[in-house]
Amino acid sequence: MKIVVALGGNALQNKDSDFTSESQLNIIRKSVKHLVDIIEKGHDLIITHGNGPQIGRIIIQNEIAKGITPAMPFDVCGAMSQGMIGYHIQQALGDEIKERGKKKSVATIITQIVVDKDDDGFKNPTKPIGPFYSKEEALRLKEEKGYEIIEDSGRGYRRVVASPKPKKIVEIETIRTLVDNGNIVIAAGGGGIPVIEEGSKLRGVEAVIDKDLASERLAKDIDADILLILTAVDKVYLNYRKTNERGLNKVGVVEMKKYIEQGHFAPGSMLPKVLASIGFVESKRGRKAIITSLDKANTALCGLSGTIIE
Ligand SMILES: Nc1ncnc2c1ncn2[C@@H]1O[C@H](COP(=O)(O)OP(=O)(O)O)[C@@H](O)[C@H]1O
Ligand SMILES: NC(=O)OP(=O)(O)O
């Protein structure tokens, strides 16, 4: 099977207070073991990943360094996050594959994704980036730096930025060629670098695309069989974090759409995962999406855990 695996933040970082490069590589080394288990079952993997915490921190580094060295624009920070995270996944995955006596090449593709310059996402910022703040810190940053702030699923306050929808993956032919030739590809990291078309040229824009929606685009474009979204929770829940919380196992798209209308999924966190899953499953008969945690990925592929949307 051809599987697009979307790695969420918890596969890339330990906790919000431990952001060293060493810590990121260590957690990725643990995460890739689950991915190599999938590869050993004979599946072809295309890996995407988030970058919300990482791009937020790169932007903070740029803000602090202002006056010493020029600040890089958002699109360049997005490219930096793709390179940084792709490098660690590429190294960790390559080492794990070698250790298990397998032969497979791993390559990261710096990926640009075309967005519509008039996308509503530019007017209404929804993508949380960077660290979590207390309410007081968040209000101070709003005042001092003009950040847009939201409360993020009961986990604290975060800066939000524009998040236009992904329309077209610029490097799709390269990705397809590498996948078709048996390579493991890391692409559309951080949702891809958002670019707009200006005549025959591309121009980077100030935004962060949602990686789950970008993963849906990629999974459709390479004709994947499964979109596997790995995050911090083992399942999608109804009435999440309430006393009547209930995990979803196998769900059809009609039922899932009903739950969206009832407001069960938080925008900026679970909602894009559910929307990406529905979009992928609806696009072709036989396609399946799974939302689960990294440690449940393998059992979920056997239909034994996670939320499976068919
Ligand atoms: N209905 C829901 N079911 C499960 N998790 C939910 C739900 N609504 C919001 N969430 C939150 O969404 C989080 C996943 O989104 P996010 O942290 O943005 O993902 P990522 O792993 O891609 O960074 C979960 O860890 C949980 O805190
Ligand atoms: N770009 C993006 O969606 O990142 P996260 O998954 O880390 O939020």
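**Stop 1: a hairpin.** Start by selecting residues 148-151, strand β6, together with residues 157-161, strand β7. In this predicted model, the two strands run antiparallel and are joined by four bridges. Look for Glu151 and you will find Tyr157 of β7 facing it. Five residues lie between β6 and β7, which together make a hairpin. Within that turn, click on Ser153: its phi is positive, about 45 degrees.

**Stop 2: just past the hairpin.** Move along to Ala162, in the loop that links β7 to β8. Is Ala162 buried or exposed? Ala162 counts as buried because it has 22 C-beta neighbours inside 10 Å. To see some of what surrounds this residue, select Gly121, Phe122, Pro125, Glu206 and Ala207, all of which Ala162 touches (residues up to four places away in sequence are left out). Ala207 is worth a second look: 45 residues separate it from Ala162 along the chain, yet their C-alpha atoms are 4.8 Å apart.

**Stop 3: an open sheet.** The loop you just visited leads to β8, and β8 belongs to an open sheet of four strands. Reading across, the order is β8-β4-β10-β11, and the pairing is mixed. Which strands stand at the edges? They are β8 (168-169) and β11 (201-204); each has a single partner strand, so one side of each lacks a neighbour in the sheet. Now select residues 112-114, which form β4; this strand runs antiparallel to β8, with two bridges between them. One bridge to find here links Val114 with Lys168 in β8.

**Stop 4: a buried strand.** Next, select β12, residues 226-231. Six of its six residues are buried, so the rest of the structure largely encloses this strand. A general point helps when you turn it around: side chains of a regular strand point alternately to one face of the sheet and the other. On one side of β12 you will see Ile226, Leu228 and Leu230, and on the other Leu227, Ile229 and Thr231; both faces are covered.

Now add the partner strands. β1 pairs with β12 in the parallel sense through five bridges, and Val5 stands opposite Leu228. Strand β16, residues 288-293, is also parallel to β12, with six bridges joining them. There, Lys288 is the residue opposite Ile226.

**Stop 5: a helix and its packing.** Select residues 21-40 to bring up helix α1. What span should its 20 residues have at 1.5 Å a residue? The expected value is 28 Å, and the C-alpha atoms at its ends are 28 Å apart, so the two agree. Highlight Gln24, Ile27, Ile28, Ser31, Val32, Leu35 and Val36, which are the buried residues of α1. They pack against β1 (2-7), β2 (44-49) and α3 (74-99). After the helix comes Gly42, which has a positive phi near 100 degrees.

**Stop 6: the ligands.** Centre the view on ligand 1, which has 16 residues around it. The closest are Gly8, Gly9, Thr231, Ser269 and Met270. By class, this shell has eight nonpolar residues, eight polar ones and no charged ones.

Then turn to ligand 2. Its surroundings are Gly8, Gly9, Gly50, Asn51, Gly52, Gly190, Gly191, Val208, Asp210 and Lys211. This shell divides into one nonpolar, seven polar and two charged residues.

**Stop 7: two exposed loop residues.** Select Asp223, in the loop between α6 (211-221) and β12. Asp223 is not a glycine, yet its phi is positive, about 55 degrees. With 12 C-beta neighbours inside 10 Å, this residue counts as exposed. Then go to Arg241, in the loop between β13 (237-238) and β14 (246-247). Arg241 also has a positive phi without being a glycine, here near 65 degrees. It has 9 C-beta neighbours inside 10 Å and therefore counts as exposed.

**Last stop: the whole view.** Zoom out to see the protein, with nine helices and 17 strands. Its C-alpha atoms fill a box of roughly 50 × 45 × 40 Å along the principal axes. For 310 residues, a compact globule would have a radius of gyration near 19 Å, and the protein agrees, at 19 Å. Of its residues, 43% count as buried. Among contacts with a separation of 6 or more, 74% join residues 24 or more positions apart.

Technical notes:
Residues numbered from 1 in each chain as written. Chains lettered and ligands numbered in written order. Predicted model: local features only at pLDDT ≥ 70, side-chain atom pairs only at ≥ 80, totals over all residues. Near = placed C-beta within 6 Å. Nonpolar A, V, L, I, M, F, W, Y, C, P; charged D, E, K, R; others polar. Expected span 1.5 Å × (residues − 1). Buried ≥ 20, exposed ≤ 12 C-beta atoms within 10 Å, placed from the backbone. Contact = placed C-beta atoms within 7 Å. Pairing = 2+ DSSP bridges. Rg over C-alpha atoms; globule rule 2.2 N^0.38 Å.
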